[in-house]
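User: Please choose one part of this model and take me through it closely, explaining each term as it comes up. I would like to see how that part relates to its surroundings.

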Amino acid sequence: MQDFDDQKARASAWFRQLRDEIVTAFEALEDSHAEGPLAEAAPGRFEVTPTTRTAEDGSDAGGGLMSVMRGGRVFEKVGVNVSEVYGTLGEAAQKSMAARGVPGMAEDPRFWASGISLVAHMQNPHAPAVHMNTRMFWTPHTWWFGGGSDLNPCIEYAEDTAHFHATQKAHLDPHGEAHYPRLKAWADEYFYIPHRKRARGVGGIFMDDLNSGDWEADFALTQDIGRAFLPAFVPLVEKRRSQPFAGGDRDTQLVHRGIYAEYNLVYDRGTK
């Protein structure tokens, strides 16, 4: 099996770089916000906490960096987290992986995983919530990439949705024009709430288990999914963060957050 130490290091470094760029951009949004009821408040800042993971035998099993901002002028709560963890998959995880077609679980259940995960909820109900993650997973017998980003407005604006999707398409098209429609359809299916007969938000792009056999090509695609995030999202925040809103808008926002949480608890694959 190919030695993936260099690829692992490059992927982990990229997720950390993307995290740094997003944190810087989000704090800049806090600094530049000069209108609205919270404009006179101190700009929000991320509280950064290193995380560690310990194996059952007490040995080091990796860790990461948790960055959380609460009560900002623009962001009500946002987390931007990166991790690099490794060890041996437990019995339940081995069975789950094997059921998905991951080879070699019985022979060698070691794993390595790294990624970035982001969820942002906004102060202004007109500014959309958003979710993004990208990741790489490795076992001795295979590897794959996954992730994407999706927009979750409680008050929808067609032009915002169009911008978000157009930016993602522009970043994916250089890798092949078939990628965007496939990943958009995947997101539409994945983020659907069957018992409510509605989507969680207005979609985006999503993929999992990406292994074309060409690690460099798959890594490049994953990077551009990450690169699309800030230009897709930040202009929407800049447009909506000072828009006037009333109490009914806040109620709409809270109801939508309940739907968001419901989806994560019932349907999200990571939770399962």
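Analyst: A residue is called buried under 20% relative accessible area, exposed over 50%, and partly exposed in between (1.4 Å probe, protein chains only). This is a predicted model, in which local features need pLDDT of at least 70 and side-chain atom pairs count only at pLDDT 80 or more, while totals for chains, interfaces and linings use all residues. Residues are numbered from 1 along each chain as its sequence is written, and side-chain values use heavy atoms, with hydrogens and water left out.

A good place to begin is T167, which is found in helix α3 (helices, H or I with at least four residues, and strands, E with at least two, are DSSP runs numbered from the N terminus). With a relative accessibility of 10%, T167 counts as buried. What does T167 touch once its neighbours within four places in sequence are left aside? The residues in contact with T167 (heavy atoms within 4.5 Å) are then A228, P231 and A232.

Two of these, P231 and A232, belong to α6 and take part in its meeting with α3. Helix α3 covers residues 158-172 and helix α6 covers residues 229-240; their axes (lines fitted to C-alpha atoms over the stretch in contact) lie 8 Å apart, at an angle of about 160°. This makes α3 roughly antiparallel to α6 (over 145 degrees, on a scale from 0 to 180 between N-to-C directions). On the α3 side the contact is made by E159, D160, H163, F164, T167 and H171, and on the α6 side by P231, A232, P235, L236, K239 and R240. Sorted by class, the contact has five nonpolar, three polar and four charged residues (Ala, Val, Leu, Ile, Met, Phe, Trp, Tyr, Cys and Pro are nonpolar, Asp, Glu, Lys and Arg charged, and the others, Gly among them, polar).

A second helix pair, α1 with α5, offers a useful contrast in direction. The axes of α1 and of helix α5, residues 215-227, come within 11 Å and cross at roughly 5°, so that α1 is roughly parallel to α5 (under 35 degrees). From α1 the contact draws on Q7, R10, A11, W14, F15 and L18, and from α5 on W215, E216, F219, T222, Q223, G226 and R227. These residues divide into six nonpolar, four polar and three charged.

Some of the helices named so far also supply the model's nonpolar core (buried Ala, Val, Leu, Ile, Met, Phe, Trp, Tyr and Cys residues joined through side-chain atoms within 4.5 Å). The largest such core has 49 residues, and those with the most contacts inside it are I22, F26, F75, L118, M136, F229 and F233. Helix α1, residues 5-32, gives the largest share of this core, eight residues. A second, separate core has nine residues, including V85, L89, M105 and W144. Beyond its neighbours within four places in sequence, M136 is in contact with Q7, K8, A11, F15, W112, A113, S114, W143, W144, F145 and W215.

Other residues lie towards the outside. E35, in the loop between α1 and β1 (47-54), counts as exposed because its relative accessibility is 52%; E35 and P244 are 209 residues apart in sequence, yet 9.9 Å apart in space, C-alpha to C-alpha. K197, in the loop between β7 (192-193) and β8 (198-199), is likewise exposed, at 66% relative accessibility.

Methods:
Parallel < 35°, antiparallel > 145°, perpendicular 65-115°, else oblique.
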